[in-house]
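Open the model in a viewer and keep a selection panel at hand. The stops below deal with charged side chains and then with model confidence.

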Amino acid sequence: MVGVDVVPVLTPAATVVAMDGEGPARSVPGNRHRAPSGAGSSSSRLDRLADFVHRQRWLLATVPFLFLFQFPLGALFAEPGNTMEEGTLLIGGELVLRGWTPHGDFEHLYGPADLWTLAAAFSIFGVSITVERVVGLLYRVVLLWAIYRIAGRWGTGVATATAGLAWLLIAPFGLIAYSWIAALAFGVAALAVALDADESSHRWLAAGALAGVALLFRADLILALALGLGPLVRAAGREHQKRFVAGLGGGAVGYVVHLATAGPAAVVEGMLIDPVVRLRAGRRLPVPPNSDTADEFFARLDDFIRGPDNLPGLGRPAQITALFWVTLLAAVLTIWLVRRDRRLRAFSLLAVGAIPQLLQRPTPNHIKFVGVLIFPALAIALARHLRWRALSGLAAVWVFACLAAIAPHYVGRAAFDTYFETDLGAELAFNSRAIAVDSDDVVDLFSILRTLDSLAEPGDSVFVGPERLARTNYSETFLYHLLPDYEPASYHIQMNPGLANREGGRLAADIEQADWLILTNLFNGWSEPNDSTADGDLRADAVVESSFCPVSSFGPRTLYGNC
């Protein structure tokens with residue numbers, strides 16, 4: 001029988017009927033034959049619910065994200081600040097405020113933008129760790145905004161879930177104003193603006209300026225920016241390319257100022273030779289990471305302090321190895337999934353361009369420094385391929401759940417502690433400055449600072465470092481922040497292997513001119529599979545032995561006076 005289609009006049013009450021010789025008649029829903037009242041009522045309620053969810057989708061997605069974002073902020077501001085990295089930012093920003101220049105007057109491994117930004121903030125709001133962390137929070141807000149903006153093309157749910165994934169990965173770092181986080185923030189922001197630029201010359205100019213600012217924080221981000229932004233700029237018209245280059249030059253013009261103030265030789269040595277050539281042998285770790293014993297000193301120290309956490313799955317060293325490989329595999333999978341999507345491919349390539357940071361030192365922190373881009377890119381790529389768009393935001397949840405299952409300590413417990421940790425240390429207040437430190441250390445720290453303050457004169461020079469100066473692997477640089485009435489005695493305000501202790505370096509001469517030393521034995525047990533375990537220049541230790549006398553010891557620290 002030949003199939004016949006009967007199509008009545010289409011009215012609001014019409015039903016379209018199709019008769020097919022191969023099967024029974026089919027009806028396309030109309031309004032003539034009403035469903036039973038119960039079914040119709042249920043369908044109507046579902047329709048109204050779906051319509052409500054659609055109309056309120058921005059609110060329904062944003063409120064949980066805002067709660068996720070703000071809930072741990074109080075604890076993050078109260079976290080202990082006794083690390084070399086945060087101490088370097090605190091004293092470095094203050095020294096710039098006093099007129100000192102990074103690379104010229106004191107050691108700094110990155111571009112000048114991080115210390116310039118902190119100096120500007122300190123000049124307005126005063127020198128404090130709270131101000132420094134507010135700056136760090138703003139960096140993270142820019143980064144999350146940029147990821148949200150890029151992911152927003154695939155729906156509000158995808159955007160907020162992806163930004164939430166990024167936040168869960170970096171929140172355990174605290175709010176330290178890391179130059180790397182700042183560089184990522186402005187680099188991804190540059191990409192987000194460029195993706196929306198189209199024919200807007202002003203946006204291309206802004207994208208270039210943001211990329212230039214990112215390079216002013218970290219010049220080594222240039223590979224990531226070239227991979228992510230390069231194809232977009234190349235595909236733009238000549239006029240837009242000119243605007244982008246003009247913005248890039250304007251954003252990076254700070255390097256001209258920096259070269260003029262610090263001097264070309266000091267900048268080249270401080271930004272290129274020191275971190276790329278001299279430092280690598282003492283900081284590089286094996287690739288891939290050892291799955292039996294953690295390579296990083298602080299990972300092993302964390303195991304010792306925390307003890308077993310009875311979480312299921314791999315051992316802690318094996319978790320680091322698994323995260324390393326998963327990060328690389330996620331990068332490859334993301335590139336493959338987005339190979340036909342120009343916009344998402346740009347974000348994925350930018351994320352891949354950050355991988356050298358991981359290969360230099362594959363520690364839990366560096367994995368997350370790179371994963372904060374790679375895993376959100378993967379979540380967006382997966383969401384893009386989901387059949388049910390309403391569930392696409394769950395791709396980011398799935399990615400985080402997988403990471404927590406692979407590394408329950410470094411991802412799951414780290415995120416949990418960020419939100420629910422109650423032991424945040426104790427506040428150490430001294431000389432109108434305050435900083436949170438470990439509770440069991442506050443008395444010793446206060447005692448040695450008070451002893452120094454009772455003996456020294458304002459303007460005296462103080463050196464803070466390890467007890468064995470032939471191995472300058474780490475230091476308590478944060479102590480400089482608590483001693484605003486004294487001058488740092490050395491160019492090396494932080495301790496790095498191959499730099500402060502390098503043969504023929506200036507550390508011994510700096511120590512010889514110092515008035516006071518605060519040396520600690522906390523890092524005597526430092527051990528990593530690199531050159532950090534080898535002695536460097538022995539002259540600084542000889543100067544301490546011949547020219548300084550111990551005054552007082554408190555816990556692991558000893559105060560020395562020039563005698």
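Is Arg278 buried, partly exposed or exposed? Select Arg278 in this predicted model: the residue is partly exposed, with a relative accessible area of 25%. That value puts Arg278 in the middle class because it lies between the cut-offs of 20% and 50%.

**Stop 1: helix α13**

Add Asp274 to the selection. The side chains of Asp274 and Arg278 form a salt bridge, with an N to O distance of 2.7 Å. Both residues belong to helix α13 (residues 264-278), and because they are four residues apart in that helix, about one helical turn separates them. Asp274 is buried, at a relative accessible area of 7%, whereas its partner Arg278 is partly exposed.

**Stop 2: two loops**

Next, select Asp535 and Arg468. Their side chains meet in a salt bridge at 3.7 Å, N to O. This pair connects distant parts of the chain, 67 residues apart. Asp535 sits in the loop between β8 (516-520) and α25 (539-547), while Arg468 sits in the loop between β6 (461-466) and α23 (478-481). Asp535 is partly exposed, with a relative accessible area of 41%. Arg468 is partly exposed as well, at 33%.

Now show Glu94, Arg98, Arg433 and Glu487 together: salt bridges with shared partners join these four residues into one network.

**Stop 3: a pair within the network**

Keep Glu94 and Arg433 and hide the rest. Their side chains form a salt bridge with an N to O distance of 2.9 Å. Where in the chain do Glu94 and Arg433 lie? Glu94 is in helix α4 (residues 84-98) and Arg433 is in strand β5 (residues 433-437), so the salt bridge links parts of the chain that are 339 residues apart. Glu94 is buried, with a relative accessible area of 6%. Arg433 is also buried, at 10%.

To see the remaining examples, display every salt bridge: the structure holds 20.

**Stop 4: confidence**

Finally, colour the model by pLDDT. The protein has a mean pLDDT of 88, and 88% of its residues reach 70 or more. Select residues 1-39, where the pLDDT is below 50. How many contacts does this stretch have in the model beyond near neighbours in sequence? The model gives residues 1-39 28 such contacts.

Key
Residues numbered from 1 in each chain as written. Predicted model: local features only at pLDDT ≥ 70, side-chain atom pairs only at ≥ 80, totals over all residues. Heavy atoms only, no water. Buried < 20%, exposed > 50% of the residue type's maximum accessible area, 1.4 Å probe, protein only. pLDDT = per-residue confidence, 0-100. Contact = heavy atoms within 4.5 Å.
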